[in-house]
Amino acid sequence: MSELISPDRRHSDSLKWKLFAKPDTDILPMWVADMDFASPPEVIAAIKERADHGVFGYTQAPDSTVTAVIEYLKNTHGQTVDAKEIVWTPGLVPALSTAVRAVSSPEGNAIIMPPVYTPFFNAPADGGLEKIEAPLHKDPETGRYSIDIESLEQAVTPATKLVILCNPHNPVGRAFTKEELTAVANFCAQRDIVLCSDEIHCDLILDDVRHNTAISMEGTGGLRTITLMAPSKTYNIAGLGFSFAVIPDAKLRTAFRKAMGGFVPPLSALSYSAAEAAYRHGEAWRQNILTELRRNRDLITTELASIPDMRVAHIEATYLAWIDCTALNIGNASHAQQFFYERAGIAFSKGSDYGDNNYIRMNFGCPTATMVEAFKRIRKAVEA
Ligand SMILES: Cc1ncc(COP(=O)(O)O)c(C=O)c1O
C-alpha cells in the first residue's frame with residue numbers, strides 16, 4: 001500500500017508543471033517545492049471519506065487530529081506538547097508573517113540568515129519590522145553552510161525582536177546540529193529575542209541524524225520560541241494548506257493569535273483529515289520517499305562530481321539541491337536559470353530568489369528516472 005506513484009501532472013493545473021510549460025517542448029520543471037508523487041493512499045482515502053460527508057462549513061480542529069499531532073510530536077521529535085500550545089495555520093508563509101506581527105514594535109527589526117527561502121526576505125516588512133541579514137557561513141573548500149554566530153552578533157541591535165531560522169534549511173540542505181541550534185537559542189535568550197523556527201522540512205532528513213527542533217529549547221535561559229511545522233512537504237499535500245505553530249509561552253501565543261486576526265483564513269475540513277491520516281498512517285510511505293530522495297541526492301553528487309563547473313555541498317535534508325554555477329561563467333544565476341531553461345529544457349529556481357546570484361536550486365522530489373533524464377540534458381547543455 002505504500003509504493004510510490006508518479007502520475008502525469010501536465011494537465012492537472014499544477015503550478016510547478018504549468019508556469020514554465022512551453023508548447024511543443026518537453027520542459028522538466030524542477031523548481032517550486034512540491035514532489036511529483038501522489039500522496040500516501042491513506043491520505044487520499046481520508047480526504048474522500050471526509051468529502052463524502054458533503055458539508056464543508058467552517059471547521060474546528062478535530063480532537064482526533066489534535067491527538068495525532070501531539071502523538072507525532074512525542075513519537076517523532078520527543079517533544080511533549082499540550083494541545084493549548086498549538087495554533088493551527090493554513091500555511092507556513094502566513095505563519096511567518098504572523099510571527100513577525102506578534103512581536104512587532106515601532107523601530108524593531110528581525111534577523112534572517114541568507115541564503116534562505118524567499119518569503120523570509122518579505123516577512124519582516126509584512127509584519128512591520130525592519131529586515132536585517134546575518135548570512136550563514138560558507139566553507140570556501142566544501143561549500144557547506146553553517147550558522148554563523150559572529151554574523152548574528154554583528155547584525156543584532158537593541159531593537160531586534162525576532163530571529164527567523166529555517167531548519168532543515170531551504171535551500172542549503174543542512175539539518176542543523178544540536179550545537180548550532182543551542183548557539184542560536186543562547187544568542188536569542190541572552191537578548192530576549194524570540195526565536196521563530198520554520199521546520200517544514202523536518203521529516204525529510206536524508207542523513208542518519210535527528211532533527212533538532214526549537215521546541216526543545218523553549219525556556220532555556222528564558223528563551224521564547226515559535227516553531228512552525230507541517231506534514232505538507234513530507235506527504236506532498238502543500239496545496240491543501242495545513243500547518244501549525246507550537247508556542248509554549250502563553251503571552252506570545254495570545255499575541256500570535258491576535259496577529260492572525262482579519263487576514264489568516266481558517267483551515268479546511270479536508271486539510272485536517274489529510275494531515276491526520278499522514279501523521280497516523282504515512283510512515284511506510286515516508287520511508288519509501290526517503291529511499292527515493294536519498295537515491296536522487298546520491299545521483300546529484302555523482303553526476304556533479306564529473307561536471308566540474310557545477311558544485312554542490314553534501315545535502316543532509318530536504319529534496320532541494322543548492323548548486324553553485326559560478327564556474328559556468330554565464331553571468332549571474334538568472335542567466336544560469338535561463339541557460340538551463342533554454343538549452344536543457346529544465347526549469348530550476350533562480351538563486352537570486354534566495355539571496356545568491358551564483359546558484360540555481362534543483363527540486364529532486366521526482367522519480368529517479370526523471371533525474372537521469374535531467375542530467376542527460378544538463379550534461380549536453382554544459383558540454384555544448
Ligand atoms: C522553508 C519553507 N517554509 C515554508 C514553505 C511554504 O509553506 P506553505 O506552503 O505552508 O506556506 C516552504 C515551501 O517550499 C519552505 O521551503
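Biologist: Where is D203 in the chain?
Modeller: D203 falls in the loop between β8 (194–198) and β9 (225–229). Helices (H or I, at least four residues) and strands (E, at least two) are DSSP runs, numbered from the N terminus. This is a predicted model, in which local features need pLDDT of at least 70 and side-chain atom pairs count only at pLDDT 80 or more, while totals for chains, interfaces and linings use all residues. Residues are numbered from 1 along each chain as its sequence is written, and side-chain values use heavy atoms, with hydrogens and water left out.

Biologist: Is D203 buried or exposed?
Modeller: D203 is buried, because its relative accessible area is 4%. Buried means under 20% relative accessible area, exposed over 50%, and partly exposed in between (1.4 Å probe, protein chains only).

Biologist: And what about D309, where does that one go?
Modeller: D309 is in the loop between α10 (283–305) and β11 (311–312). With 32% relative accessibility, D309 counts as partly exposed.

Biologist: How many ångströms separate the C-alpha atoms of D309 and G54?
Modeller: Those C-alpha atoms of D309 and G54 are 55 Å apart, and the two residues are 255 residues apart along the chain.

Biologist: New topic: the ligand. Which residues are around the ligand?
Modeller: Around the ligand you'll find A33, G91, L92, V93, Y117, C166, N170, D198, I200, H201 and K233. A residue makes that list if one of its heavy atoms lies within 4 Å of the molecule.

Biologist: Which ligand atom pairs with the side chain of D198?
Modeller: A nitrogen atom of the ligand, 2.5 Å from an N or O atom in the D198 side chain. A polar contact is a pair of N or O atoms within 3.5 Å; within protein, one must be able to donate a hydrogen and the other to accept it, and residues adjacent in sequence count only if both atoms are side-chain atoms. There's also a ligand oxygen atom 2.7 Å from a backbone N or O atom of L92, and a ligand oxygen atom 3.0 Å from a polar backbone atom of V93.

Biologist: N170 was on your list. What's the peptide bond from N170 to P171 like?
Modeller: The N170 to P171 bond is cis, with omega near 15 degrees. P171 lies in the loop between β7 (160–166) and α7 (178–191).

Biologist: Last one: what is phi for T318?
Modeller: Near 75 degrees, a positive value in a residue other than glycine. T318 is buried too, with a relative accessible area of 0%.
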